[in-house]
Amino acid sequence: MRRWLSWMGCWLVCAAVPCAAQTVKLTRGESAVTVAIAGPEFTTLRTATSQPTPFFHPVRAADGISLVRPLENPEDHPHHKGVWCSIDEVNGIKFWAEKGKIVNKSVELVTPEGNPARLKLVNHWLGEPGMPLLEETVDVWLFANRLLIYDATFRAHGTDVTFEDTKEGLFGIRVADTLRGKQGGRIRNAEGQRGEKECWGLPSRWVDYSGTVEGKVKGVTLLDHPGNYRASRYHVRDYGLFTLSPFGQKAYTNGTLPAAPHKLAAGETFRLRYGLSVHDGEAEVGPTEAVYKQFVEAVP
């Protein structure tokens, strides 16, 4: 009994915080960076300029099961690819709907191996006629307990920029089909609210989406940083979309609050920090809060 309790205690700690014995390794490929944890793939960053935006795909649990929808033959919203960052509208350009293009300009492996491993991206959000409208510089932190931190700084590139009031964005994931709410998946936020109807459009420290994938219970949690300029709201749907964004005050409240577009003068910047955590089993309050603390302390 004592040995079992000791094992369970170790399992809970490793589920909540980085595991010292494991290493995250980044391997550069052609227009891609593979992220491996203790050997097997966790995720792969895909940066080919032929695609509308950079994205991570697949996103795997420790046993190799992917928690994102396959890229082939999507039944709806083909622009929902793995884990990505985009939004409608920026100066009227619908990047979310892939009417505008986000081009990766560079990838630096800051810490190719460690816990965490780190990489830095520079992405250009293109305006008309194909010139940079926004420059997005991203520090990506990748921990052995499957916490991914997306720390992005946006700079208006040569002209004034307006992020419009919209629900379509910003950072998120399209979950595997069997994980989604309409197939039995469970949505829950830090305040204990449950389901799409209770969680959609509200701010929270985190929201978790758990369910069954390939016969096993898995989950993914999105986390909002308290240091962001405004609390984000969650665009979490039973059909499998799961994102969060600080924009869309009017859209997310169905007009209860006024529109609050975010404006940048040329050369101005602002920063957003988000986390994504992959876990086995149902997310319990203890481990989820521990991962939230890890996230906040890693990128103050």
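**View 1. Strands β2, β3 and β4 pair side by side in this predicted model.** Let us start with Arg46, which stands opposite Phe55 in β4. Three bridges join β3 to strand β4 (residues 55-59), and the two run antiparallel. On the other side of the pairing list, strand β2 (residues 32-37) is joined to strand β3 (residues 41-46) by five bridges, again in antiparallel fashion. Here Val33 stands opposite Leu45 in β3. The hairpin of β2 and β3 has three residues between the strands, and Ala38 takes a positive phi near 55° there.

**View 2. Phe171 sits in the largest nonpolar core.** This core has 62 residues, and those with the most contacts inside it are Phe163 and Phe171. Setting aside neighbours within four places in sequence, Phe171 is in contact with Val83, Trp84 and Cys85, with Leu148 and Tyr150, and with Leu222. The contacts of Phe171 also include Thr243, Leu244, Tyr274, Gly275 and Leu276. Another core, of eleven residues, lies apart from the largest one; among its members are Ile149, Trp206, Leu223 and Val291. As background, nonpolar side chains in soluble globular proteins tend to be buried together.

**View 3. Trp84 and Trp96 form a tilted ring pair.** The structure holds 14 aromatic pairs. In this one, the ring centres of Trp84 and Trp96 are 5.2 Å apart; the planes meet at 35°, so the pair is tilted. Stacked pairs have planes under 30 degrees apart, and edge-to-face pairs over 60. Trp84 lies in strand β5 (residues 83-90), while Trp96 lies in the loop between β6 (93-94) and β7 (102-111), so the pair ties together parts that are twelve residues apart in sequence. Trp84 is buried, with a relative accessible area of 3%, and Trp96 is buried with a value of 3% too.

**View 4. Phe163 and Phe247 form a stacked ring pair.** The centres of the Phe163 and Phe247 rings are 4.8 Å apart and the planes are at 10°, so this pair is stacked. Phe163 belongs to strand β12 (residues 161-163) and Phe247 to the loop between β18 (241-245) and α3 (249-252), so the pair ties together parts that are 84 residues apart in sequence. Phe163 counts as buried at 1% relative accessibility, and Phe247 counts as buried at 1% as well. Both rings belong to a cluster linked by ring pairs, together with Phe95, Trp125, Phe154, Tyr229 and Phe270.

**View 5. Two arginines sit over aromatic rings.** Arg118 lies over the face of Trp141, at 4.3 Å from the ring centre. In the other example, the charged end of Arg205 sits over the ring of Tyr292, 5.9 Å from its centre.

**View 6. His225 is a buried loop residue.** You will find His225 in the loop between β16 (216-224) and β17 (233-236). At 5% relative accessibility, His225 counts as buried. The side chain of His225 reaches the backbone nitrogen of Gly227 at 2.8 Å. Not counting residues up to four places away in sequence, His225 touches Arg273, Phe295, Val296, Val299 and Pro300. His225 and Tyr274 are 49 residues apart in sequence, yet their C-alpha atoms are 6.1 Å apart in space. Tyr274 also appears in View 2, as one of the contacts of Phe171.

Definitions and conventions:
Residues numbered from 1 in each chain as written. Predicted model: local features only at pLDDT ≥ 70, side-chain atom pairs only at ≥ 80, totals over all residues. Heavy atoms only, no water. Core = buried A, V, L, I, M, F, W, Y, C linked by side-chain atoms within 4.5 Å. Buried < 20%, exposed > 50% of the residue type's maximum accessible area, 1.4 Å probe, protein only. Contact = heavy atoms within 4.5 Å. Phe/Tyr/Trp six-rings, centres within 6.5 Å; stacked < 30°, edge-to-face > 60°. Helix = DSSP H or I, 4+ residues; strand = E, 2+ residues; numbered from the N terminus. Lys NZ or Arg CZ within 6 Å of the ring centre and 35° of its normal. Pairing = 2+ DSSP bridges. Polar contact = N/O pair within 3.5 Å; in protein donor to acceptor, adjacent residues only side chain to side chain.
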